[in-house]
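Trainee: Can you walk me through reading a ligand site and a pocket? I'd like the general idea, then the case at hand.

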Amino acid sequence: MSIRIVLVVALLLQPGWSPAADFKPKLPAGLQEDAAQIPDDNPITPEKVALGKKFFWDTRWSASGTVACVSCHRPEHGWSDSRRFSTDFAGRPTPRHAPTIVNRLFSDQQHWSGLRPSLEEQAGKDVNKTDEKVMQQLGTIPAYRAEFRAVFGRDFDPEGVAQAIAAYVRTILSADSPYDRFQAGDRSAMSLSAQRGLRLFEGKAMCSRCHAGFNFTGEGYRNIGVGMSGKNPDLGRYTVTGDDPDRGAFKTPTLRDVARRGPYMHDGSETTLDDVVAYYDRGGVKNPWLSSDMKPLGLTAQERADVVEFMKALTGRIDPEVSRPPDLPK
Ligand code: HEC
Ligand code: HEC
């Protein structure tokens with residue numbers, strides 16, 4: 001897929017701004033503009049984002065009329081779900097825990113296994129599942145039809161719905177955290193414990209081998225042993241590629257906003273951040289595909305607490321423009 005780096009997204013973070021030729025956009029502190037991934041055929045505009053936001057919130061397109069994207073990706077819960085397993089559009093439990101969707105701007109493949117090659121495909125599959133509903137319930141509402149036409153210049157269709165949702169999801173960002181202010185030179189932004197945690201994160205605890213870079217993920221698939229002690233474990237990335245080394249490998253999630261969104265891991269098996277760090281300290285669950293970067297760490301109780309403090313310093317500023325529920329057309 002040809003990817004163009006577009007910075008229009010930053011405009012959306014500054015209500016009232018409009019694109020100007022000499023405009024130098026800026027993402028919030030801590031994010032890298034040149035890492036943004038926006039497909040050529042789905043540029044971001046404020047109008048498209050506003051429309052996508054409505055679809056994200058509107059429950060009228062689920063079979064039951066009770067579920068929307070926001071039901072499982074809740075802004076006040078780090079855009080994740082507090083339930084271990086969410087209930088899907090048809091009212092059945094999902095097999096995996098709903099991941100956060102912050103900072104998807106910086107990744108192409110989606111899902112714990114990378115099953116969906118883009119945000120458009122991700123939203124598109126959900127739309128397809130409920131195609132009829134989307135067309136009947138939303139596509140017949142005059143205000144939606146008019147807004148859709150203004151954005152896409154054509155009649156309401158499922159592809160546009162998916163594109164609008166993807167554009168909105170790209171504006172859901174986490175940044176400007178105590179860690180970012182610390183990195184920018186404010187030595188008081190992080191507690192001493194969090195500062196020790198940062199050194200451990202990059203050193204003895206080896207976290208940054210996988211949670212690397214400004215978004216605290218290399219977007220890679222790794223087997224860290226989660227769920228591997230079960231009888232028929234979820235094989236994660238392997239279910240997409242069929243490659244033996246991918247057995248039990250899952251996408252490394254961003255750690256930004258992580259303190260807002262337990263339970264953790266693809267199966268929601270770890271309840272708190274203390275539990276997560278204790279899990280890594282044990283070296284994960286042994287299995288033939290366990291990453292060579294997983295080893296018992298020998299952390300002291302203080303060191304484990306410091307790593308947790310550091311992760312809490314990755315909690316970003318909430319942007320009310322993005323997270324406030326929209327007014328839905330009647
Ligand atoms: C019933 C709960 C539920 C609903 C409703 C839901 N999701 Fe999800 N979402 C999940 C789960 C569970 C996953 C993980 C799926 C997997 O990895 O197999 C997921 C994964 C994702 C991802 C991938 C994130 C990543 O880091 O890989 C994105 C993006 C996303 N959802 C956006 C949406 C959008 C947009 C909608 C509405 C069209 C939506 N979701 C509706 C539960 C839900
Ligand atoms: C070998 C690569 C690797 C290393 C090393 C690693 N992680 Fe992870 N991390 C992952 C992967 C992959 C997942 C998702 C696993 C799953 O769901 O099965 C994950 C998940 C997490 C989660 C859950 C996030 C969420 O949204 O559910 C947290 C928190 C976390 N890691 C913190 C850490 C910390 C702290 C360290 C260091 C002590 C660390 N990780 C070391 C790869 C790694």
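Mentor: Start with ligand 2: one of its oxygen atoms lies 2.6 Å from a polar side-chain atom of H266. That is a polar contact, a pair of N or O atoms within 3.5 Å. This is a predicted model, where local features need pLDDT of at least 70, side-chain atom pairs count only at pLDDT 80 or more, and totals for chains, interfaces and linings use all residues. Residues are numbered from 1 along each chain as its sequence is written, ligands are numbered from 1 in the order in which they are written, and side-chain values use heavy atoms, leaving out hydrogens and water.

Trainee: Which other residues have an N or O atom close to an oxygen atom of ligand 2?

Mentor: The side chain of R261 has an N or O atom 2.9 Å from a ligand 2 oxygen, and a polar backbone atom of M265 is 2.8 Å from one.

Trainee: How do I find empty space, and where does ligand 2 sit?

Mentor: Rolling a probe the size of a water molecule over the atoms shows where empty space is left. On a 1 Å grid over the protein atoms alone, a cavity is a set of points where a 1.4 Å probe fits but cannot get out. Ligand 2 sits in the largest cavity, meaning more than half of its atoms lie within 2 Å of the cavity's grid points.

Trainee: What classes of residue make up the shell around ligand 2?

Mentor: There are 18 nonpolar, four polar and four charged residues, with Gly counted as polar and Tyr and Cys among the nonpolar ones.

Key: A polar contact is a pair of N or O atoms within 3.5 Å; within protein, one must be able to donate a hydrogen and the other to accept it, and residues adjacent in sequence count only if both atoms are side-chain atoms. On a 1 Å grid over the protein atoms alone, a cavity is a set of points where a 1.4 Å probe fits but cannot get out, and a pocket is an open set with protein on both sides within 12 Å along at least five of seven lines; lining residues have an atom within 4 Å of a point.
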